[in-house]
Each structure stands twice: as structure tokens, then as C-alpha cells.
Amino acid sequence: IKRWKRGTPLSAATVVFEGQKTDVSAWASVDLTPGHERVWVGRSPDFYTTEAFLWQDGRLQKIDKPLDASLAFHKEWALLTLRSALTPAGGAAIPAGSLVVAKAADLQAGRARWRAVFTPSATVALSGYTWTRDRLLLNLLDNVAGRIEELTPSADGEWARRAVKAPHPGTLSLASLHDPMRRDDPLGDHYLVNYADYLTPDSLMLMRTGRDGQEVLKQRSRIFDATGMSVEQRFATSADGTRVPYFLVWPRGARRDAPNPTLLYGYGGFQVSMRPGYSGGWGKGWLERGGVLVVANIRGGGEFGPSWHQAAVKANKQRSYDDFIAVAEDLIRSGVTAPRHLGIMGGSNGGLLVGATFTQRPDLFNAVVCQVPLLDMKRYHTLLAGASWMAEYGNPDTDDWNFLKAYSPYQNVRADGNYPPVLFTTSTRDDRVHPGHARKMMARMAEQGH
């Protein structure tokens, strides 16, 4: 990170901060809010950890925070999103998945008193947050459905809390319109909300803090006819007893007691949540033609906060595949579909998901779409961005290979296996997942006679 003064040659820029060769990234952030100007820089040793420093008067001051907590500032406040529990001095432990606040000046002085303004429950997790001029908006996932809470700071430390009436039960996205550089900001109390679900196209709405009600600014057109279609949430039981939610999108006229053509989709990695969303492709290409769409909220995602993700990383990655298998078995057991009518689809980490699943339980499926997948987990870390994912999967050059080899699709596909038809798709323009994964897997399966 260099400081470059306008009107001078780039060669005159001076180094402010430097990451390490093994880091995922190094970064800088500049806050120009009047009265709260600050610059902070940092490094990300891996996908889930950051080390941060305040830069002032030409010097770096390390910020005292948990390595795996995400830091942000707003005016006089500092905020941490926790990936692991935090125990403040003299206080009770604050659980992972919480959002905590402290005065920025206290953090800078090394005496931050962290206070939780959100703590997760068994079903409610923090999806994100945004500030308006004076209020903090929480974007929450409640059993994978979005809702909004509005928090107002107070001098005594007790933050007032208000549930905001907003469309439900799909996905909400928030964006503040506050301009911190304007003291007379006319939109300082306003924010944008986008809403969508499996059958409802995106609506962009204008909302204001302190009140309910929305002004619809723009709506996406309907791409498919959703008349007679419906959405249902169910739960499957995984191999270790964990309840795993999934969404069923029923086409019109579907029988609930007869095997339907069914597409099961999942991801299950990097704390990415599979939230409800509108897809013209799925609607026109699948639902309008009578297919049932199923989206599984398996572990490895972020649907229930960091613990849901951390339950299925590295040595526990198999739990993602157990969850996906459990959803497939639940669909078959309940009569929604049958193995000969059930197909699965996933891309990137989801391509690894369906690759591991069809090699482990080929009896459950009759079609697989494996998109830009990771499949050779012995060499994934040597290809393109693969090394940056070792915090998720592990390092195959160490003893981690003992658990990686147990599910790596390329190492587990067998000549005597009876596999469903598989479509592999890949791209030479993907700068993250190397096309060698799909090409090698296809070549090996062809060589084995599949």
C-alpha cells in the first residue's frame, strides 16, 4: 500500500504498509467523515482472518482485535463482526456471530469496551449491516428468510431497537444513501431495500429510518408465469442428527404424492448463504416445464452464522456432503421424487459438492450438472487462486490429505462405479477455478469407460 500525492510521479509514492507473500490480500481504507477522519490498513493472512493498523502521522498503530473478527468504523463507533466468541475483560463471553461495538477513541487508546448489539439465536443470524446517518440497520436471516432491525445509539449505551416492516419471507438487501461528506445530507435517513424470492422478481424500494412503509422505485419484469406455483420450507436430518433446511419450489399442477422431475441445487462453502432469489432461467427452463426446484441450505454456508460454516470446513467438510445426501434422501422418502427423476447441480465449490456426492451415492441420482468445479483436491492449491482456499479445505501437502483424499472426487471415481450421466462445464476465462479440474475428471471417467 503506497501513498501517492496528486501531481507527483508514481515513482515518488512512499510505502505505507506491506503484506506478506503468503497473504491472501493487503488493503487500505480511507474515512473522510468530517471530525472522524481516519486511515486504516491491513493484511488478510487467509480467507477468514485480518490484521489491521491505524495509519496516522506517518506511523502505524496495530488495532487490538481478534484475528478472525471483521472491523468497521462509523463516526465515533468501531464495530466487530465475530467469527469466534469474545470475552471482554471482566465480562461474560459474547458468542460467535455477534456484532459488537465500542467507541473508536477507546479502541485507539487500547481500552475498548465491547458491547453486543446483536447476538445470534439457533435460527437467527446476521447477514450484514449498514449505517444511515444516525442509525444502524441489521440485515438478519431468520430461518433463511430476511428481516430488518433498526438500532439507535444512545449516550447511556442502551441502543433502542425496532423491528422494521418489510416484505417477507424472501431475501432483503440493504444500501444506505447517507453521504458522510455532507453535513446537510438530505438522504441521510434514507436507504434502499431490494426484495426478491423464488417466485417474486426483484423490487427496489426507498425506505426511511424511524418509520415503516416503502416507495417502490423500480421492479424487474416477470420472466416466467408463477401462477399456481408455491414455495415450501422443509427440514432433513443429516447423518449426525443435524436438522438441515431446504426450500421446495412447486410448479403448477405438481402432485405431492408422485415422483416429480426434481432439480436439487446446493453450495455449502465459504459462509455463503443460499438465500431465496428470482431466476428467469430456472423459472422458464424448469418450473414452467413442470420440474420441482429444491435449494439446500447445507452446512458450510452462512445461513445460521459462522458456526454453520465452521461445522463443515477442513476435516469436517464431509458434513456438507452428508447434508446434501440427507436432503436427497428426504425428497425420495417423502415421495416428492425418485432416484430416476432426481438431478443435482452445483458450481465452483458447489461443483465439488455434486462431484463428491455423485461419487459417494450414485444410487440417489440420475443426472448431474457439475459447473466449473474443484475435483482434484490433491493439487487444487497449485492452480490459480487455489492456495487462498486452504483455510476452507486444508493443505494437501500435509496430514490434511488424510481427510481430503476421502472425498476428493478425482481420487474416488472408480471404473466399477455405476454413475449417473454427468455434464461437466468449465471455462478458460475463470481466474479462480482452473479448467483442469473438469477436464481431468472427464478424461478419467472416459478412460474408465463411463
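**View 1. Asp134, a partly exposed residue, in its salt bridge with Lys75.** At 42% relative accessibility, Asp134 counts as partly exposed, a class that lies between buried (under 20% relative accessible area) and exposed (over 50%), as judged with a 1.4 Å probe and protein chains only. The model is predicted, so local features are described only at pLDDT of at least 70 and side-chain atom pairs only at pLDDT 80 or more, whereas totals for chains, interfaces and linings use all residues. Residues are numbered from 1 along each chain as its sequence is written, and side-chain values use heavy atoms, with hydrogens and water left out. The closest N and O atoms of Lys75 and Asp134 are 3.4 Å apart, which meets the rule for a salt bridge, namely a side-chain nitrogen of Lys or Arg within 4 Å of a carboxyl oxygen of Asp or Glu. This pair links distant parts of the chain, 59 residues apart, with Lys75 in the loop between strand E7 (70-74) and strand E8 (77-81) and Asp134 in the loop between strand E11 (124-131) and strand E12 (136-142). Helices (H or I, at least four residues) and strands (E, at least two) are DSSP runs, numbered from the N terminus.

**View 2. Further salt bridges, among them those of Arg161 with Glu149 and of Arg361 with Asp363.** The count of salt bridges in the structure comes to 31. In the bridge between Arg161 and Glu149, the closest N and O atoms are 2.9 Å apart; Arg161 belongs to strand E14 (residues 160-164) and Glu149 to strand E13 (residues 145-152), so that the pair links parts of the chain 12 residues apart. The two partners differ in cover, for Arg161 is partly exposed, with a relative accessible area of 44%, while Glu149 is buried at 13%. Arg361 and Asp363 meet with an N to O distance of 2.8 Å, and here Arg361 is partly exposed at 24% and Asp363 is partly exposed at 46%. Elsewhere, salt bridges link Asp23, Arg43, Glu51 and Lys62 into a network.

**View 3. Aromatic pairs, including Phe17 with Phe53 and Tyr380 with Tyr393.** The structure holds 14 aromatic pairs, where rings of Phe, Tyr and Trp (its six-membered ring) pair if their centres lie within 6.5 Å, and where planes under 30 degrees apart count as stacked, over 60 as edge-to-face and the rest as tilted. Phe17 and Phe53 form a tilted pair, 5.3 Å centre to centre and with 45 degrees between the planes. This pair joins distant parts of the chain, 36 residues apart, since Phe17 lies in the loop between strand E2 (14-15) and strand E3 (25-31) and Phe53 in strand E5 (residues 49-56). Phe17 counts as buried at 7% relative accessibility, and Phe53 counts as buried at 13%. Tyr380 and Tyr393 form an edge-to-face pair, 5.4 Å centre to centre and with 85 degrees between the planes. Tyr380 is in the loop between strand E24 (367-371) and helix H6 (390-393), and Tyr393 is in helix H6, so the pair ties together parts that are 13 residues apart in sequence. Both Tyr380 and Tyr393 are buried, and ring pairs link them with Phe47, Tyr48 and Phe270 into a cluster.

**View 4. Lysine charges over the rings of Trp77 and Trp401.** The charged end of Lys103 sits over the ring of Trp77, 5.2 Å from its centre, and that of Lys378 sits over the ring of Trp401, 4.9 Å from its centre. A charge is taken to sit over a ring if NZ of Lys or CZ of Arg is within 6 Å of the ring centre and within 35 degrees of the ring normal.

**View 5. Helix H4 (residues 318-333) and the glycine that follows.** Helix H4 has 16 residues and reaches 22 Å from its first C-alpha to its last, close to the 22 Å expected at 1.5 Å a residue, a span reckoned as 1.5 Å times one less than the number of residues. Among the buried residues of H4 are Tyr321, Phe324, Ile325, Val327 and Leu331. H4 is followed by Gly335, whose phi is positive, near 85 degrees.

**View 6. Backbone features at Pro169, Ser348 and Leu384.** A cis peptide bond, with omega of about 5 degrees, joins His168 and Pro169, and Pro169 is found in the loop between E14 and strand E15 (171-176). Ser348, which is not a glycine, has a positive phi near 65 degrees; its place is in the loop between strand E23 (342-347) and helix H5 (349-360). Leu384, also not a glycine, has a positive phi of about 50 degrees and is found in the loop between E24 and H6.
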